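Biologist: Got a minute to walk me through this one? I'd like to start with how helix crossings get their handedness.

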Protein chains: 2
Amino acid sequence: MRAEIITIGDELLIGQVVDTNSAWMAQRLNECGIEVLQVTSVHDERNHIVQALNDALSRADIVLTTGGLGPTKDDITKHVLCEYFRMKLVESSQVKAHIERLYASRPQVLNKLTATQWMIPNGATILPNRVGSAPIMVFPMRTKTLICLPGVPYEMEIAMTEQVLPFLRQRHPSLGTIEHRTIMVSGIPESSLAIMLAEYEASLPQGLRLAYLPKDGVIRLRLSSDGQVPVQTLEEWIDQLQFVVHNYLIVTDDRPLEVHVADALNAHRATLATAESCTGGKLAALLTKHSGSSSYFRGSVIAYSNDVKRDVLGIPEYDLQRYGAVSEQVVRWMAEGVRRITHSDYAIATSGIAGPTGGSAEKPVGTVWIGWATPNGTDATCFQLGKLREQVTDRACQKALIGLLERIR
Amino acid sequence: MRAEIITIGDELLIGQVVDTNSAWMAQRLNECGIEVLQVTSVHDERNHIVQALNDALSRADIVLTTGGLGPTKDDITKHVLCEYFRMKLVESSQVKAHIERLYASRPQVLNKLTATQWMIPNGATILPNRVGSAPIMVFPMRTKTLICLPGVPYEMEIAMTEQVLPFLRQRHPSLGTIEHRTIMVSGIPESSLAIMLAEYEASLPQGLRLAYLPKDGVIRLRLSSDGQVPVQTLEEWIDQLQFVVHNYLIVTDDRPLEVHVADALNAHRATLATAESCTGGKLAALLTKHSGSSSYFRGSVIAYSNDVKRDVLGIPEYDLQRYGAVSEQVVRWMAEGVRRITHSDYAIATSGIAGPTGGSAEKPVGTVWIGWATPNGTDATCFQLGKLREQVTDRACQKALIGLLERIR
């Protein structure tokens, strides 16, 4: 079963909004064994939408669109689809009742533009949109399925999970499964890893495929089966892969490192705090992104200025002056300081030169000291993490989490 | 001048990686007056790449591809292009010298896989890739231009800025300009805004177009001209737009709110700190994402646990018990506490129920108290920011920044 995704909206093509929808949808479709052939982003423009629909329907069994379903003038998807299928817009009492219920619990007043949202193509099947007023429309075709979803990410996600995927499973009971297994490695360049794995890759059976996905200093190795290879075989080859790269292996699945950290801390009923300078709160934000983080995460001190390092974390002025903020001594003090004032079991500290300014010959941009304070003592490591601000801070967060995992295990 | 972007990689179509490249590229191309017609994501698969190339070249003057240029087996873009243009791979001594120089300053050793990177399609023009080993290839066509870029975002960005855009400007000296002007409003639902703007929109002259881009509780209104309308006319209509929505207007350009906050604080030589509970460091990370933030940002206390609120921020245990952490009293204490201990002029505090758990009838998921402590006093406001964790925390950051801007001005 093959699908395509068409994301509709001028904002995508002038680069004002990054399309996060299609990656999310592709993941969910893959889990159901639906391969995504292509993602296409097009303008809010009639001919362009029609052409993309024709192309996608010529290749795929299922076509999903997102976007262009709002009540404003620039949103034309519903009207284009009406024309495409020669349907008329008619009032849906079911959708009207839903939108009225939705607005009853909101501070806003239901106005005449919102009222256009219950005008529905006559002949389309409407799936309920629990959290918004845009209709989720299924267009009846002989063997294929075309479904239009709203473009607001959380509306789309709820619609996919609660409505679209169950609908597709019901309509196509034979859905197979593409299987993926992923492991993460770190501390080796991609090309050296590829040489290490050359023999392994050459001996992979038909239907198994290995991909390298480097990001933020971590390389994900993903082994995929086309659905013809038994899961057992996939598992055997992933075991073999782990064996070959075991010196660089960090974790054996695709969950983010901060989730592994949460599991490890919860398993030990241990708590964590961070003291961040160059990462500026990014590490804390990463940890607290996930619900349930309050079970192990106590808090952070973002010590951006030296005054805060001294006054809140208790770092001696002498060390700040003598060694500088980006130093082994200071990052150790930071980790120990935040561990002490938050009464945590573990603490991570970061201090570095994120750039683009502030580098020197001795401490160039990308120099980051990371310290870990644990019940067994404190230590720190210096990393060179690249030249670009975002890259440096993202990589520092990953290095900090990898180091913590190693120290908890 | 019209362009299309083709992003190549299985990881995009199984949803493991979000394609941020095409939005970034589209912005840059738009700035040069190049309209992006379509973005297409395809698999690392020969026939699929060829089909996408044919389609894009039939519509656009310029086609840019990203991805599939790495040294590993899954990267096939270079080989497909060789076949497409009937070229052969030959060793480029220029690229070889560049890669050898690049590796001389790296800890890694140059291995035989990396060596395949200096094999170049015979007849392609190579633009230098300052920061990586993947070649930037320009394929000569009669009237059109096809350019292949690496998929790693920072490599692509440097290649676009330093090589590809100057190359395109040189090859197409007649490049026009599509102009966009954007303003941001908040505190009004999209559909009410559209009704307020109905007359304005109806009277827009040919060639001007208004778009609504809602995100995190802020709506961007973007007025675009197709290049035929004089800039002066666009400016007049954006002035008119500001007048119509002035009750809800926050800022009059498209720069992120934290950049406006930075400007406002720097103009007053004032400093800022944050005390974050539900936003968990996201607000600090947003502020420190931008270089130069150390001029006004002193630091934060992420007070996730009540102990940290009490011990680090000095909030009375009595108030925590009596009012709860999500309350006006506590968020005011948090703002004042972090302002005091970091010696800042301004402070923002957040405390709320980000969900999905922790809500109650009295304080449902999405309830967020935000407090601002300023040289003129402290106040706080309660918001209802939705039902989804990420949505709640993203919106809370935007509300916090809007509130701060209002209090500085």
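Modeller: Sure. A crossing is called left-handed if the near helix is turned anticlockwise from the far one by less than a right angle, and right-handed if clockwise. Keep in mind that this is a predicted model.

Biologist: OK, so which hand does the crossing of α3(B) and α4(B) have?

Modeller: Right-handed for α3(B) and α4(B).

Biologist: And at what angle do the axes of those two helices in chain B cross?

Modeller: Roughly 60°, with the axes of α3 (residues 46–59) and α4 (residues 77–84) of chain B coming within 10 Å. α3(B) and α4(B) are therefore oblique to each other.

Biologist: Which residues meet there?

Modeller: From α3(B) you have B:Arg46, B:Ile49, B:Val50 and B:Leu53, and they meet B:Thr77, B:Val80 and B:Tyr84 of α4(B). The residues of that contact between α3(B) and α4(B) split into five nonpolar, one polar and one charged.

Biologist: Switching topic: what rotation puts chain A on chain B?

Modeller: A rotation of 180°, with 0.0 Å of shift along its axis, and the RMSD is 0.0 Å. That is the relation of a two-fold axis. The same surface serves both copies, too: 100% of the contact residues of chain A recur in chain B.

Biologist: Last thing, confidence. What's the mean pLDDT of chain A?

Modeller: It's 93 for chain A, and 99% of the residues in that chain reach 70 or more.

Biologist: What ipTM and pTM does the complex get?

Modeller: The predictor gives the complex an ipTM of 0.81 and a pTM of 0.83.

How values were computed
Residues are numbered from 1 along each chain as its sequence is written. Chains are lettered from A and ligands numbered from 1 in the order in which they are written. This is a predicted model: local features need pLDDT of at least 70, side-chain atom pairs count only at pLDDT 80 or more; totals for chains, interfaces and linings use all residues. Axes are lines fitted to C-alpha atoms, for helices over the stretch in contact, and angles run from 0 to 180 degrees between N-to-C directions. Helices (H or I, at least four residues) and strands (E, at least two) are DSSP runs, numbered from the N terminus. Angles under 35 degrees count as roughly parallel, over 145 as roughly antiparallel, 65 to 115 as roughly perpendicular and the rest as oblique. Two residues are in contact if their C-beta atoms, placed from the backbone, lie within 7 Å. Ala, Val, Leu, Ile, Met, Phe, Trp, Tyr, Cys and Pro count as nonpolar, Asp, Glu, Lys and Arg as charged, and the others, Gly among them, as polar. Copies are superposed by least squares on the C-alpha atoms of residues with pLDDT of at least 70 in both. pLDDT is the predictor's confidence in each residue, from 0 to 100.
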